[in-house]
Structures are given as C-alpha cells and as structure tokens.
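Please look over the structure shown here before reading the notes on its packing, cross-link and strand pairing.

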Amino acid sequence: MPADTRARQRTGTGIGLLLTLVLGAVLLTALPDDGEREGGGCAPRTVAGWTKDDRLTGEFARYGDDATRTDDWTGGDGTHSVRLPDGRVLWLFSDTYLGQVHGPPNPVDESAAWRDTTAPLVRNSAVVMRGGRLESTLPAPLFADPAPNQWRWPVAARVEPRSPGSSEKVVRVLLWVRTTGQSPWIYGVPTATEVATLSLPDLKVESVVKVLDQSLVSDPSQRVLFGTTLVEKDGWTYVYGGDDGQAASRPASSAYVARVPEGRLGEPAAWRYWNGSRWGAAPKPVRGAKVGSAFSVARVDGTYVLFTMAAGAEGLTTVTSYWACSPTGPWHGPTRHFSPALPSAGVAAYNPQVHPELSGDGRLVLSYDVNWLETTGASASINADVTLYRPRFVTVRLARTR
C-alpha cells in the first residue's frame, strides 16, 4: 500500500492493514528463470471480466449488522481466508471493530447503520463461516500483543501437517508485528514476521514463533514482512512479502518471496529466500518488481497471476494484474485494469486478495477493503456508516491472451 502519503490516510486510530501500500506500482520486468517453470500449462492471462459478488458482500453486512451480540465482528480490514478440513472457512482480519450496530438513521440523521464511538477496537480478529454463512467470532483479539506498543496483524494462512508427513493437521497463520512509531510510520514500524499455530478443529492458538526478526535493520523502509499472500505447490509453500518503501528515495515497495517445505512454516531454519537467482538464507528484492505489500498471487492451471492496486492515482480505485510461469517470475504486465465499486466519494480501495477456496470454474473470488483517505474525523465517519470498513467482493474471470 504506500507510494503516496495521502494513500496512508486511514482512520484517526491507525485502523487496519496499511493503506500506505495501496499505490505501490507493480513495475515488472524480465527476471531470470529459476528453473521451476511450469511448462506447457503456463499461458499469458488477463482479466476478461468481473462482476460484483453481492452474496458474499451482503453476508458480511448481515453478520456485522446482527445486534444479538456485542462481542463479535462488526467491521475490519486486512481480509484473508483459509478453508479448514471440515469445510468451514476461517476469515482473518487486522484492526477490527466489535460492539453493537444500530439501525438507521445515524446520529447525524443519515440513512446509515452506525455504531457508538465507544465501540471496542481490537488489533485482530477471526470469524468462522460454515456453509456460506458467517456464524461466530473467535475471542478477540485472537493474537495477543507481543509487547507494549506492539501488535500483531494476521495475513495469509494455510492448513498443513503438524510436521512433515504427519497425518495431524493444524492451521498456520502468518503474522506481521508492528511497533508504534512516528511519521511516516503512523501505522506502525515493521518489526517481524511470525507464524502462529492453531489447533484443529477448535482453533486454539498453541504457539507463536518469530521466523524473521527485522528489528535490527536500522532503516525501517528496508524491513521486510512476509505473508501478504502464499501459494502452495509440489510440497512447498511460497510466501510473498514486501517492504514499506517509506524512504523519500523509494516511493514504492519491493517484492520478495520465500519458500518453506510443507509442514515447516513454523520453523525459522526451514525458510529460504529468493535472492534473484537462487534460494538462500537472506531475503533480497525480486529484481524489477515494485509493489505494495498488500498484493495477492494465485496459481491458475500452470500460470501465476498477481493482483495489486494500479500505479499512480489509479491506485486509489483500480486493480491490475500480472502473470508469470514460476513463483519468482519473470512477471509480465500490467494487463487489463478493473475498478470495483466504492461506496462514496473520499474513500479508496486497497488490499486486493484472492480467495482460492471460494473460487472455481475459471473464476476467482477477490476481496478488497475500503476506507477513508483522510485521518481527520475518519474514525467517527466509519462509526457513523458501518458499511465503510467492511470487505467487498468481486468475481474475476481470466482468459488467455494468446
């Protein structure tokens, strides 16, 4: 999310998952092939069309507006999901409002559902869906703060064996640790990547392990957090990440990728990082790629498709995509843009995320978050109209370009 200071303007309380990286352009040039090319199954792909997914968007509105409980989710951003072995879907969110939602009109006589300004705000939450219907919020926050003035934002997750070859499954959740900071780090200084292990089927947090400590990197803009998205293939988990790119000389972020053997996401020694030509012990930027950290990668047949916000001013409203034949590239694009619906003027779209567990038949379900651009009065505005801080969904259809 960060190429533009304006794009960082979220809420007065620092809500959510870094609109700072919304405007990161994906300026992708040819990269050396790492020898993992998919071969004949790979073909150039572009967005052939998209439609609003009113059912999913409406389900989060229904659940958030339900006033029968005061300790459940009523709004949040940083939307990620993972399907559990019993068919349920676990939805993970960053900064989250709990509390109760009241029907319209709101206190300023607008026809909007609203919540009280004293509604609880927690740093992360998890909501369980069964049969397409959201049914419960796990005790929030699910992931406790690691230390004073630090917090955890959950990002991508997967179900994997507890250890390689084990028949027992667990959920691994990637976490971003951030620390309170001053401008331009008003939404936290990137600090570390962690992996949490959740038991199944009860979804209890068993452990949290730090896999990449960045606290000793003196320049915060050079610190790398992993987990914005991941892809599974042939016994490997490919985990993508980025830096915040806040230095004046670096207005966009760099992209990175790591890989971990299945069953070992929670083992720091098992992580290997792409350095431009091979897998090694230290992360290096993927050459030619400039992205925001909130991008998403999906594997469609033999092609890898990357979704991110477009470059420049379009990055406030427009999603674009790129394609590659291996997890590390070379990436090609950008391909066709599309601009999903926004609820009102003065808000931006950010954090496009693919949800493979809800996709199929040549279509991808993609979510995006929305929030105010300006901090002044933003928190009050979000409470005055609860629709402004909830995920929205589209269904994207891809096609080969040749």
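The report below covers a nonpolar core, a disulfide and a small sheet.

This is a predicted model.

**Nonpolar core.** The largest nonpolar core has 21 residues. Those touching the most other members are L174, V195, F226, V239, L265, W271 and Y273. Several strands contribute two or more residues each to this core, and they are listed in the table.

| Strand | Residues |
|---|---|
| β11 | 150-161 |
| β12 | 169-179 |
| β14 | 205-213 |
| β15 | 224-233 |
| β17 | 253-261 |

Leaving aside residues up to four places away in sequence, L265 has contacts with V195, V211, V239, V260 and W271, and also with R158, E160, R172 and T237.

**Disulfide.** One disulfide is found in a search of the whole structure. It joins C42 and C325, with the sulfur atoms 1.9 Å apart. The angle about the S-S bond is -80°, and the link of C42 and C325 is left-handed. C42 lies in the segment before β1 (45-52), while C325 lies in the loop between β23 (319-324) and β24 (331-332), so the pair ties together parts that are 283 residues apart in sequence. Both C42 and C325 are buried.

**Open sheet.** Three strands, in the order β2-β5-β8, make up an open sheet with antiparallel pairing. The edges are β2 (75-76) and β8 (121-122); each has a single partner strand, so one side of each lacks a neighbour in the sheet. Two bridges connect β2 with β5 (residues 96-97) in the antiparallel sense. G75 is opposite Y97 of β5.

Notes: Residues are numbered from 1 along each chain as its sequence is written. This is a predicted model: local features need pLDDT of at least 70, side-chain atom pairs count only at pLDDT 80 or more; totals for chains, interfaces and linings use all residues. Side-chain values use heavy atoms; hydrogens and water are left out. A nonpolar core is a set of buried Ala, Val, Leu, Ile, Met, Phe, Trp, Tyr and Cys residues joined through side-chain atoms within 4.5 Å. Buried means under 20% relative accessible area, exposed over 50%, partly exposed in between (1.4 Å probe, protein chains only). Helices (H or I, at least four residues) and strands (E, at least two) are DSSP runs, numbered from the N terminus. Contact means heavy atoms within 4.5 Å. A disulfide is a pair of cysteine sulfur atoms within 2.5 Å. Two strands pair if DSSP finds at least two bridges between them.
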